Amino acid sequence: MVKAAPSPEVRDPQINCACCDQLVATRHMFCPNCHAPLEVSQVVASRGAPPQFITLLGPSGAGKTVYLGLLLDMLSKGNCPLRGLPNGPFSLAVQQETIDALQKQRFPEKTPSEADQWRWVHCEVSATKRPKRVIDIVTPDLAGEAIALELEHENAHPVIRSVISKSCGLLVLFDSGRARDDGRTEDIFAMKLISYLANAYQGDGSLRRRKCKVPLSIILTKSDSCPEASTDPADFAAATMPGLVQGCRRHFSRYQFFASGIVGSYAMGTDGYGRRLHMPLHVEPHGILEPLQWLMEQL
Ligand SMILES: Nc1nc2c(ncn2[C@@H]2O[C@H](COP(=O)(O)OP(=O)(O)O)[C@@H](O)[C@H]2O)c(=O)[nH]1
Ligand SMILES: [Mg+2]
């Protein structure tokens, strides 16, 4: 007897990408459409519950990669109010590269602008007080240039829109020193971002009158070199980035300002090309967990 040929789905099983919802053959390691690792989609599919995406956004050089690496490192140590287990080796890359660089008194390399080069992170986080309530953090370590391009030309990087639409909370980072010294530039990026987010969550239509419920943790980074940001982050933001504060007030019902920094002391050096380098002599993270903790309390 001649056996019927297996159907194409059996020969080549497919699952929905957790990020962009496209059907992807499981033989791929990354979604060909948005480059999200298929391992993330497989974990999500096996759980049956939709993932809780939390995405990191901010201009280039805001400190996203350093913050994410440190956050993952602190979560995985488990000796703080939040615990997190990175899922899959790809999630460990950002953490490892950041920690390795800091141990060598360097900062990690700049994130490449090409989407297929971004490292993704999937981390299951729970509060020590409520260990059974697990939230998945799924975020690519996005390049600031790519975010800027997407804000100018929607769909230049469709993956950014996909992860933002899936996110139930956002960590938005700005460089506090740049806000103090050149607030206008940082604020213009911030205003574009807030209006992009409002558009992504509410569309252009009548729903615009209602405020967006997605909570925003706005983090003023590098406050080790700009201590005025940590005294009262909301006040500092209002003074240096008034457009951001107004945009948040108008479009979002829940947002909170935080200040973070990871450097205890640093020295100035030069690299092989004679460029000036900040060398972190010792790492003393502060304000890393609080923004995530607040976000999780809102969900
Ligand atoms: N002083 C200080 N500098 C930082 C801190 N985080 C990042 N930086 C500096 O900011 C640069 C850009 O950080 P990075 O995380 O790569 O920014 P990204 O482009 O947003 O990913 C680093 O190379 C450091 O020079 C911080 O907490 N304190
Ligand atoms: Mg980066």
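Which residue of E8 stands opposite Phe174? In this predicted model, the residue is Leu220. The pairing belongs to an open sheet of four strands, and the description below starts there.

The strand order of this sheet is E3-E7-E8-E9, and the pairing is parallel. Strands of a sheet pair through backbone hydrogen bonds, either parallel or antiparallel. E3 and strand E9 (255–259) form the edges, each pairing on one side only. On average, neighbouring strands of the sheet are turned by 20° against each other, direction ignored.

Strand E7 spans residues 167–175. On one side, E7 pairs with strand E3 (residues 53–57) in the parallel sense, over five bridges. Two facing pairs can be named here. Leu57 stands opposite Val172 in E7, and Leu56 stands opposite Leu171 in E7. E7 is also joined to strand E8 (residues 216–221). Six bridges link these two strands, which run parallel. Phe174 and Leu220 face each other across this pairing.

How many of the nine residues of E7 are buried? The count is nine of the nine, so strand E7 is largely enclosed by the rest of the structure. The edge strand E3 gives a similar picture. Five of the five residues of E3 are buried, so E3 too is largely enclosed by the rest of the structure. Its two faces can be listed separately. Phe53, Thr55 and Leu57 lie on one side of E3. Ile54 and Leu56 lie on the other. All of these residues are buried, and both faces of E3 are therefore covered, in keeping with the enclosure of the strand.

A second open sheet contains three strands. Their order is E4-E5-E6, and the pairing is antiparallel. Strand E4 (82–86) and strand E6 (130–140) are the edge strands, each pairing on one side only. The twist in this sheet averages 25° from one strand to the next. E5 and E6 run antiparallel and are joined by eight bridges. Within this sheet, Ala127 stands opposite Arg130 in E6.

The model also holds ligands. Which residues supply the protein donors of the magnesium ion (ligand 2)? They are Thr65 and Thr111, each through its OG1 atom. These donors lie 2.0 to 2.1 Å from the ion. The pair links distant parts of the chain, 46 residues apart. Thr65 belongs to helix H3 (residues 64–77). Thr111 sits in the loop between helix H4 (89–103) and strand E5 (120–127). Both Thr65 and Thr111 are buried.

Ligand 1 is surrounded by 17 residues. The closest are Gly61, Lys64, Thr65, Lys222 and Asp224. Thr65 thus appears both among these closest residues and among the donors of the magnesium ion.

Several contacts reach oxygen atoms of ligand 1. An N or O atom in the side chain of Lys64 is 2.7 Å from an oxygen atom of the ligand. Backbone atoms take part as well. For Val66, a backbone N or O atom lies 2.9 Å from an oxygen atom of ligand 1. For Ala62, the corresponding distance from a backbone N or O atom is 3.2 Å. On its own, ligand 1 has 580 Å² of accessible area, and the protein covers 86% of that area.

Terms used
Residues are numbered from 1 along each chain as its sequence is written. Chains are lettered from A and ligands numbered from 1 in the order in which they are written. This is a predicted model: local features need pLDDT of at least 70, side-chain atom pairs count only at pLDDT 80 or more; totals for chains, interfaces and linings use all residues. Side-chain values use heavy atoms; hydrogens and water are left out. Buried means under 20% relative accessible area, exposed over 50%, partly exposed in between (1.4 Å probe, protein chains only). Two strands pair if DSSP finds at least two bridges between them. Donors are N, O and S atoms within 2.8 Å of the metal (3.2 Å for Na, K and Ca); water is not among the atoms, so sites may look incomplete. A residue is near a molecule or strand if one of its heavy atoms lies within 4 Å of it. A polar contact is a pair of N or O atoms within 3.5 Å; within protein, one must be able to donate a hydrogen and the other to accept it, and residues adjacent in sequence count only if both atoms are side-chain atoms. Accessible areas come from the Shrake-Rupley method with a 1.4 Å probe; for residues, only the protein chains shown count as cover. Axes are lines fitted to C-alpha atoms, for helices over the stretch in contact, and angles run from 0 to 180 degrees between N-to-C directions.
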